[in-house]
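The report below concerns the backbone and the strand pairing of a predicted model. It takes up some loop residues and then turns to the sheets.

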Amino acid sequence: TTLRRITPFPLYSRPRLSPLHCTFPFFIFSENHYILPLRSVLALFYFSALLYMASAAGEGRSRVLVIGGTGYIGRFIVAASAREGHPTAVLVRDAAPADPAKAAVLQGFRDAGVAIVEGDMYDHESLVTAIKSADVVISAVGYQQLPDQTLIISAIKEVGHVKRFFPSEYGNDVDRNHAVEPAKTVFGGKARIRRAIEAEGIPYTYISSNFFAGRFLRSLAQIGVTEPPTEKVLIMGDGNVKGVFTAEEDVGTYTIKAVDDPRTLNKILYLRPPSNTLSHNELVSLWEKKLGKTLERVYLPEDELLKKIQGQSKSLFFSHNVVVAVYTYLLY
């Protein structure tokens, strides 16, 4: 409750009509002498204007294709695209999955007016077909598929008319970091995708948003837990380096805001809400104030942390160590 959502730029404020209130007891007579209250006529005018505005907004907005739209951050991007009035499509392997949870996600997309397109990024023909109907391609694939985004790049190059590509990032600026392994390898893979996009001359925008607040904030950046601590908290380093916690809804919203914004063309868009930029110590203090008690703070020095990361088997604990390494980069 302490963190604040980002306030949209004034440029992005959409025009709104205020409700028309009529208190005059007048009537309008038609040629056939039907009597209509002026209030009804104004109400009809009001709703007609709203429909016209919605139609006009959709006509001028880019067609968006999201790949990986059923994933964690992808869902927020799809929702934002539909909400902002973009003709939106999601590429999925199965449009009628047996998993009830996945089926519910797709139904939610349909209810929002999103088109479900069957295809696969590993099936070149279906990928090209999907991209042909889009102006902008947004990737939100998971980290295991990050290197395979070269397949998307090849398809975009073949189609030829895509005016913007957003590769799957939504974290750190991978060209400006001092990460340790194994996160360093993950960041290196993302950087290679950037270079491939640029080498092909594909217009792009890179989104850098750091921490997902919904994923990391609830645990106070504790590893392997989903609830905030109530007795003891582990802090990496001295706890004074600041990190950025961005709400997933804002990541989705500002990714879509950038789609038709010429200022973000071939640029990195950094999401850095000042009120959500906190050190680990500040984060713990806020939670202590909410909790009404003081937690025991256990500080883990850098050398011990690095030994902890490097001492684990990458094959067995790779995902866990990526998280630890990212924490080290962001909060140490």
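## The loop that holds P182

P182 lies in the loop between β7, which spans residues 164-166, and α6, which covers 183-199. The peptide bond leading from E181 into P182 is cis, and its omega is near 0°. As the model is a predicted one, this cis assignment belongs to the computed coordinates, in which the bond between E181 and P182 has that form.

## Two residues with positive phi

N210, although not a glycine, has a positive phi of about 60°, and its place is in the loop that connects β8, residues 205-208, with β9. With a relative accessibility of 13%, N210 counts as buried, because the cut-off for that class is under 20%.

L220 is not a glycine either, yet its phi is positive, at about 55°. This residue sits in the loop between α7, which runs over 213-216, and β10, which occupies 232-236. The relative accessibility of L220 is 5%, and L220 therefore counts as buried under the 20% cut-off.

## The sheet of three strands

Strands of a sheet pair through backbone hydrogen bonds, and the pairing may be parallel or antiparallel. One open sheet in the model consists of three strands in the order β9-β11-β13, and its pairing is mixed. Its edge strands are β9, at residues 211-212, and β13, at 277-279, each of which pairs on one side only.

Strand β9 and strand β11, the latter made up of residues 242-246, run parallel and are joined by two bridges. Within this pairing, F211 has F245 of β11 as its bridge partner.

## The sheet of five strands

Another open sheet is formed by five strands, arranged in the order β5-β4-β3-β6-β7, and here the pairing is parallel. The edges are taken by β5, residues 115-118, and by β7, and since each of these has a single partner strand, one side of each is left without a neighbour in the sheet. On average, and with direction ignored, neighbouring strands of this sheet are turned by 20° against each other.

At the β5 edge, the contact with strand β4, which comprises residues 88-92, is made through four bridges, and the two strands run parallel. In this pair, V90 stands opposite I116 of β5. The other edge strand, β7, is also the element that precedes the loop with P182, since that loop lies between β7 and α6.

Definitions and conventions. Residues are numbered from 1 along each chain as its sequence is written. This is a predicted model: local features need pLDDT of at least 70, side-chain atom pairs count only at pLDDT 80 or more; totals for chains, interfaces and linings use all residues. Side-chain values use heavy atoms; hydrogens and water are left out. Two strands pair if DSSP finds at least two bridges between them. Buried means under 20% relative accessible area, exposed over 50%, partly exposed in between (1.4 Å probe, protein chains only). Axes are lines fitted to C-alpha atoms, for helices over the stretch in contact, and angles run from 0 to 180 degrees between N-to-C directions.
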